[in-house]
Amino acid sequence: MKQAIMTETNVPKRTIVPKPLTRNLHIQARRPRFQSIGGPVGLAILLMTAVSVALFGYVAWQKYGTVVRKVFATNVSSSFKSRADYFKSRLDAIDSAGAKRRFGFFSLSTNPRVLKVYHDGDSLVIDASDARDFHGSIEAARTIPAFGAAGADVEKLIIKLSPPRDNAKLAGLLKEIFIKVLDGAEENLVDKALGNISEITMNDLPDDK
């Protein structure tokens with residue numbers, strides 16, 4: 001047999017195989033959007049919740065906000081034309097309140113002293129005893145006729161009033177006690193730093209008062 005002659009044309013060509021790249025060909029998957037809140041579904045739920053809370057708050061404020069503002073306003077003296085009108089309004093409210101509730105009239109100008117008003121049976125008690133240790137308070141109380149009337153104790157700075165009562169006249173008495181005995185600020189007195197220091201606020205007294 002004749003040996004086949006290898007020609008240049010039938011010599012197999014060398015196939016070049018590229019070397020693998022050294023860099024990491026695995027692309028890290030991107031973190032889903034909003035994954036921390038549960039993805040798009042979680043975002044939708046969060047938005048719906050926020051809208052619902054805002055809507056509920058708006059409806060509730062429309063329904064009860066007027067009542068809240070009204071209650072707050074009636075308990076602050078600057079919401080009235082005069083301090084006498086304020087005290088009369090609060091005395092009327094105290095008359096209709098529960099017999100066990102105790103109220104106090106607070107002001108920056110008398111802090112920490114408070115003028116207390118509460119029921120004792122059928123009687124209404126006006127109690128300025130927080131000012132008893134204040135210099136000159138008892139002497140000032142002696143200049144107020146109500147402290148010399150029956151049912152009053154000027155040494156304790158307490159007046160006990162039996163029915164019937166005229167809240168318009170009692171409002172004037174509270175004004176006088178507030179200024180003379182508790183050394184409170186005159187009406188409409190404003191301080192640049194403190195604001196309206198003649199403003200009086202009525203609130204329920206804590207149990208230790």
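Where does P164 lie? I looked this up before anything else in the predicted model. P164 sits in the loop between β5 (158-161) and α4 (167-180). I then read the peptide bond from P163 to P164 and found it to be cis, with omega near 0°.

**Entry: overall layout**

I noted four helices and eight strands in the protein chain. Read from the N terminus on, the elements follow the order α-α-β-β-β-α-β-β-α-β-β-β. I recorded that 28% of the 209 residues of the protein chain count as buried. For contacts with a separation of 6 or more, I recorded that 59% join residues 24 or more positions apart.

**Entry: backbone exceptions**

Most residues other than glycine have a negative phi, and most peptide bonds are trans. I therefore listed departures from this general pattern.

Besides the bond at P164, I found a cis peptide bond between N111 and P112, where omega is about 5°. P112 belongs to the loop between β1 (102-107) and β2 (115-120).

I next looked at L157, which is not a glycine but has a positive phi of about 60°. L157 is placed in the loop between β4 (152-153) and β5. Is L157 buried or exposed? Its relative accessibility is 0%, so I entered L157 as buried.

N188 also has a positive phi, about 65°, and is not a glycine. I located N188 in the loop between α4 and β6 (190-191). The relative accessible area of N188 is 64%, and I therefore entered N188 as exposed.

**Entry: helix α2**

I checked the length of α2 (residues 83-96), which has 14 residues. From its first C-alpha to its last, α2 reaches 20 Å, close to the 20 Å expected at 1.5 Å a residue. I listed R83, Y86, F87, R90, L91 and I94 as the buried residues I was given to place in α2. They cover an arc of only 130° around the axis, so they lie on the same side of α2.

**Entry: helix α4**

I applied the length check to α4 as well. Its 14 residues should span 20 Å at 1.5 Å a residue, and the end C-alpha atoms are 20 Å apart, which agrees. Which residues of α4 are buried? I found N167, L170, A171, L173, L174, I177 and F178. Because their arc around the axis is only 165°, they fall on the same side of α4. I then traced what these buried residues of α4 pack against: α2, β1, β2, β3 (123-127), β5 and β8 (200-204).

**Entry: the contact of α2 with α4**

I turned to the pair of helices and found that the axes of α2 and α4 come within 8 Å and cross at roughly 115°. The crossing of α2 past α4 is right-handed. On the α2 side, I listed R83, A84, F87, K88, L91, D92 and D95 in the contact. On the α4 side, I listed N167, A168, L170, A171, L174, K175, F178 and I179. How many residues of this contact are nonpolar, polar and charged? I entered nine nonpolar, one polar and five charged.

I compared the contact with the burial lists for α2. R83, F87 and L91 are in the contact and are buried in α2. For α4, N167, L170, A171, L174 and F178 are in the contact and are buried.

Methods:
Residues numbered from 1 in each chain as written. Predicted model: local features only at pLDDT ≥ 70, side-chain atom pairs only at ≥ 80, totals over all residues. Heavy atoms only, no water. Helix = DSSP H or I, 4+ residues; strand = E, 2+ residues; numbered from the N terminus. Buried < 20%, exposed > 50% of the residue type's maximum accessible area, 1.4 Å probe, protein only. Expected span 1.5 Å × (residues − 1). Arc of directions from axis to C-beta. Axes fitted to C-alpha atoms, helices over the stretch in contact; angles between N-to-C directions. Left-handed = near helix turned anticlockwise from the far one by under 90°. Contact = heavy atoms within 4.5 Å. Nonpolar A, V, L, I, M, F, W, Y, C, P; charged D, E, K, R; others polar.
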